[in-house]
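Visitor: I would like to learn how to read the features of a protein model, one after another. Could we begin with the terms and then turn to the case at hand?

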Amino acid sequence: YWSDIGRKAIFRARINGANAEQVVSIAPRFAVDIALDIAHSDIYWTALWLDGSRIQRTNLSHIQIHDVITHPAGGITSLTVDPVFDKLYWTTVYPPSVQRADCDGSFVATLPIPDHVYPTGIHLDKGNEVLYWTDAEASLIRRASLDGTAVEDLGLIGLVTPGFLAVDSCFLDQTTHLETVTLLAKCLEGPGAFTTGQCHCADLSGDARIDLKDFDILQRVFQP
């Protein structure tokens, strides 16, 4: 599944790229980030337009767009969904915050996380119930418990403008055979630019950061 900003629609295809098709048109808005709730056959996305930003949703079996969260400014940047506890988490930049709500948009709350500058990407480690997010202007990747407590900066060296990220809590390190978390952070040329730079990974604590273009990690992960 992916969003096409220029075509103002969300598309999907098989893993090998076959059978590409449009899922839903969201014109005049465009989607920046998307999240899947496979358990309930729902797809969520952040929708931007002149009237501000929104989180919208449709069921993949019955295509009908629903507004879940509305924001008067174009401030919602990224989202992640927790289908087990029926929660949405998202980042805003105006004002800078990490927020959550039930998946129907009720019970909106701002997590008590200090020192935000420009929170951008967010992702949920469902297995460990930990949120990870990037702060583009502070050049940080951070994490916290689902209630916003136990905030920690991962201390990754060399981040410039980290954008979106993904968490792999099932990747087994081939040297230690211990479970690690892989953070794939697309570095933007500037806030809101959405221009892909480099892709990196690190373990759960932020150590052992490497540039994926110089490492055969992707090939090794998919080997038997």
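Guide: Let us start with pairing, since a hairpin rests on it: two strands count as paired if DSSP finds at least two bridges between them. In this predicted model, β8 and β9 form a hairpin with 4 residues between them, and D86 in the turn has a positive phi of about 60°. The two strands, β8 and β9, pair in the antiparallel sense over 6 bridges, and D82 stands opposite K87 in β9.

Visitor: Which sheet holds these strands, and in what order do its strands come?

Guide: Strands of a sheet pair through backbone hydrogen bonds, in either a parallel or an antiparallel manner. Here 4 strands make up an open sheet with the order β8-β9-β10-β11 and antiparallel pairing; its edge strands are β8 (76-82) and β11 (109-110), each of which pairs on one side only. Inside the sheet, strand β9 (residues 87-93) and strand β10 (residues 96-102) are antiparallel partners over 7 bridges, and the bridge partner of Y89 in β10 is R100. The loop between β9 and β10 contains P95, and the peptide bond from Y94 to P95 is cis, with omega near -5°.

Visitor: Is β8 enclosed or open to the surroundings?

Guide: Of the 7 residues of β8, 7 are buried, so this strand is largely enclosed by the rest of the structure. Its residue L79 shows what lies around it: leaving aside neighbours within four places in sequence, L79 is in contact with residues including I34, Y44, I55, W90 and I122.

Visitor: How many residues does the largest nonpolar core have, and which elements give two or more residues to this core?

Guide: In soluble globular proteins, nonpolar side chains tend to be buried together. The largest nonpolar core in this model has 12 residues, among them A35, Y44, L79, W90 and C103. The elements that give two or more residues to this core are β7 (66-71), β8 and β9, and the largest share, 3 residues, comes from β8. A second, separate core of 10 residues includes L124, L131, W133 and L146.

Visitor: What is the strand order of the other open sheet, and which strands stand at the edges?

Guide: That open sheet of 4 strands has the order β4-β5-β6-β7, again with antiparallel pairing. At the edges stand β4 (30-37) and β7, each with a single partner strand, so one side of each is left without a neighbour in the sheet. Neighbouring strands of this sheet are turned by 20° against each other on average, direction ignored. Between β4 and strand β5 (residues 42-49), which run antiparallel, there are 6 bridges, and D37 stands opposite D42 in β5. In the loop between β3 (21-25) and β4 one finds P28, which a cis peptide bond joins to A27, with omega about 10°.

Visitor: Where do F107 and S139 lie, and are they buried or exposed?

Guide: Here the cut-offs matter, because buried means under 20% relative accessible area and exposed means over 50%, with partly exposed in between. F107 lies in the loop between β10 and β11 and is exposed, with a relative accessible area of 66%; its phi is near 55°, a positive value in a residue other than glycine. S139, in the loop between β13 (130-135) and β14 (140-145), is partly exposed at a relative accessible area of 22%, and S139 has a positive phi of about 60° although it is not a glycine.

Visitor: What does T120 touch beyond its neighbours in sequence?

Guide: T120 belongs to strand β12 (residues 119-125) and counts as buried at 4% relative accessibility. Not counting residues up to four places away in sequence, T120 touches T77, S78, T91, T134, A136, P162 and G163.

Visitor: Finally, where does pLDDT stay under 50?

Guide: The protein chain averages a pLDDT of 81, and 75% of the residues score at least 70. The pLDDT stays under 50 over residues 172-197, for which the model has 77 contacts beyond four places in sequence. Residues 212-224 also have a pLDDT below 50, and this stretch has 12 contacts in the model beyond near neighbours in sequence.

Note on methods. Residues are numbered from 1 along each chain as its sequence is written. This is a predicted model: local features need pLDDT of at least 70, side-chain atom pairs count only at pLDDT 80 or more; totals for chains, interfaces and linings use all residues. Side-chain values use heavy atoms; hydrogens and water are left out. A nonpolar core is a set of buried Ala, Val, Leu, Ile, Met, Phe, Trp, Tyr and Cys residues joined through side-chain atoms within 4.5 Å. Buried means under 20% relative accessible area, exposed over 50%, partly exposed in between (1.4 Å probe, protein chains only). Contact means heavy atoms within 4.5 Å. pLDDT is the predictor's confidence in each residue, from 0 to 100. Axes are lines fitted to C-alpha atoms, for helices over the stretch in contact, and angles run from 0 to 180 degrees between N-to-C directions.
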